Amino acid sequence: MRVIAGIAKNSRLKIPRGWSGRPTADRVKESLFNIMGPRIPGSHFLDLYAGTGNVGIEALSRGAARVVFVERDKRAVKIIRDNLVHVGLAQRAEVLAQDVFLALRQLSGQQFDVVFLDPPYEQNLELPTLEAIDRHGLLARGGIVVAESSKRQALPGEVGRLVQYRQHQVGDTMLSFYQPGIAGEED
């Protein structure tokens, strides 16, 4: 696992020994950032179910102003912090070592340009997480939410004020893009 582009390009990232998590694969991450492109520089980015910090660190490397990582597994939290120091990007990051739903309540009122969620597959956490993001009003004007899931996990077209405007499949992984709006409209 490595940083693909930006100031930390080609830096290797650590994974906790014996960790059962599933880091976002490099080719999925590459597709994700190719699609998001110009949204990243200067953005405030929220990485939910952050695991090793792989996606949020990529955002920092590509110019995100700030990334908040949320992960409850203590071993993974330590690895996120180690990886941030290793790539020299810790000063623009905050790591919340807690449950995602508790963190979303605590972050209520803060605004993020991009919210990325990659919950463990087959645990049906995508929909309640999307609902909580919408309920707590975490998106800045023009912001987006990206949910990574198994291609076998069907996500709804609308969740509260969030409307799915794009899906992109990479192997067994589906990336679903949401923005606030009215069904059928795109910003």
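**Exercise 1. In this predicted model, work out which residues Phe69 touches beyond four places in sequence, and place Phe69 in its core.**

Solution. Start with the contact list, skipping anything up to four places away in sequence: Phe69 touches Asp47, Ala50, Gly53, Gly56, Ile57, Leu60, Ile80, Leu84, Ala93, Glu94, Val95 and Leu96.

Next, look at the core. The largest nonpolar core has 30 residues, and Phe69 is among those that touch the most other members, along with Leu32, Met36, Ile40, Phe45, Leu84 and Val146. Helix H1 (26-36), H2, E2, H3, strand E4 (112-117), strand E5 (139-150) and strand E8 (173-180) each give two or more residues to this core.

Finally, don't lump everything together: another core, of 25 residues, lies apart from it, with Val68, Leu96, Leu125 and Leu138 among its members. For background, nonpolar side chains in soluble globular proteins tend to be buried together.

**Exercise 2. Check the length of helix H3 (residues 74-87), then find which of its residues are buried and which are exposed.**

Solution. Length comes before anything else. With 14 residues at 1.5 Å a residue, H3 should span 20 Å, and the end C-alpha atoms sit 20 Å apart, so the two agree.

Now sort the residues. Ala76, Val77, Ile79, Ile80, Asn83, Leu84 and Val87 of H3 are buried. Their arc around the axis is only 160 degrees, which means they share the same side of H3. The spacing fits the usual pattern: an α-helix has 3.6 residues a turn, so residues three or four places apart point the same way. Lys74, Lys78 and Val85, on the other side of H3, are exposed.

What sits over the buried residues? The cover includes helix H2 (54-61), strand E2 (66-70) and strand E3 (93-96).

Last, the two ends. At the start of H3, a side-chain oxygen of Asp73 comes to within 2.9 Å of the backbone nitrogen of Arg75. After H3 comes Gly88, with a positive phi near 75 degrees.

**Exercise 3. Lay out the strand order of the sheet and explain why E3 and strand E6 (158-159) each have a side without a neighbour.**

Solution. Write the order down: eight strands make an open sheet, E3-E2-E1-E4-E5-E8-E7-E6, with mixed pairing. E3 and E6 are at the edges with a single partner strand each, so one side of each has no neighbour in the sheet.

Then take the pairs one at a time:

- E2 and E3 run parallel, paired over four bridges, and Val70 stands opposite Leu96 in E3.
- E5 and E8 are antiparallel over six bridges; Ser149 has Met174 in E8 as its bridge partner.
- Strand E7 (residues 162-170) and E8 are antiparallel over eight bridges, and Arg166 has Phe177 in E8 as its bridge partner.

For the turn, the hairpin of E7 and E8 has two residues between the strands, and Gly171 there takes a positive phi near 60 degrees. As for E8, seven of its eight residues are buried, so the rest of the structure largely encloses it.

**Exercise 4. Decide whether His136 counts as buried or exposed, and list its contacts beyond four places in sequence.**

Solution. Locate it: His136 is in the loop between helix H5 (126-135) and E5. Now apply the cut-off. Buried means under 20% relative accessible area, and His136 has 16% relative accessibility, so it counts as buried. Setting aside neighbours within four places in sequence, His136 contacts Leu104, Arg105, Ser108 and Gly109.

Conventions: Residues are numbered from 1 along each chain as its sequence is written. This is a predicted model: local features need pLDDT of at least 70, side-chain atom pairs count only at pLDDT 80 or more; totals for chains, interfaces and linings use all residues. Side-chain values use heavy atoms; hydrogens and water are left out. The expected span of a helix is 1.5 Å times one less than its number of residues. Buried means under 20% relative accessible area, exposed over 50%, partly exposed in between (1.4 Å probe, protein chains only). The arc is that of the directions from the helix axis to the C-beta atoms. Contact means heavy atoms within 4.5 Å. A polar contact is a pair of N or O atoms within 3.5 Å; within protein, one must be able to donate a hydrogen and the other to accept it, and residues adjacent in sequence count only if both atoms are side-chain atoms. A nonpolar core is a set of buried Ala, Val, Leu, Ile, Met, Phe, Trp, Tyr and Cys residues joined through side-chain atoms within 4.5 Å. Two strands pair if DSSP finds at least two bridges between them.
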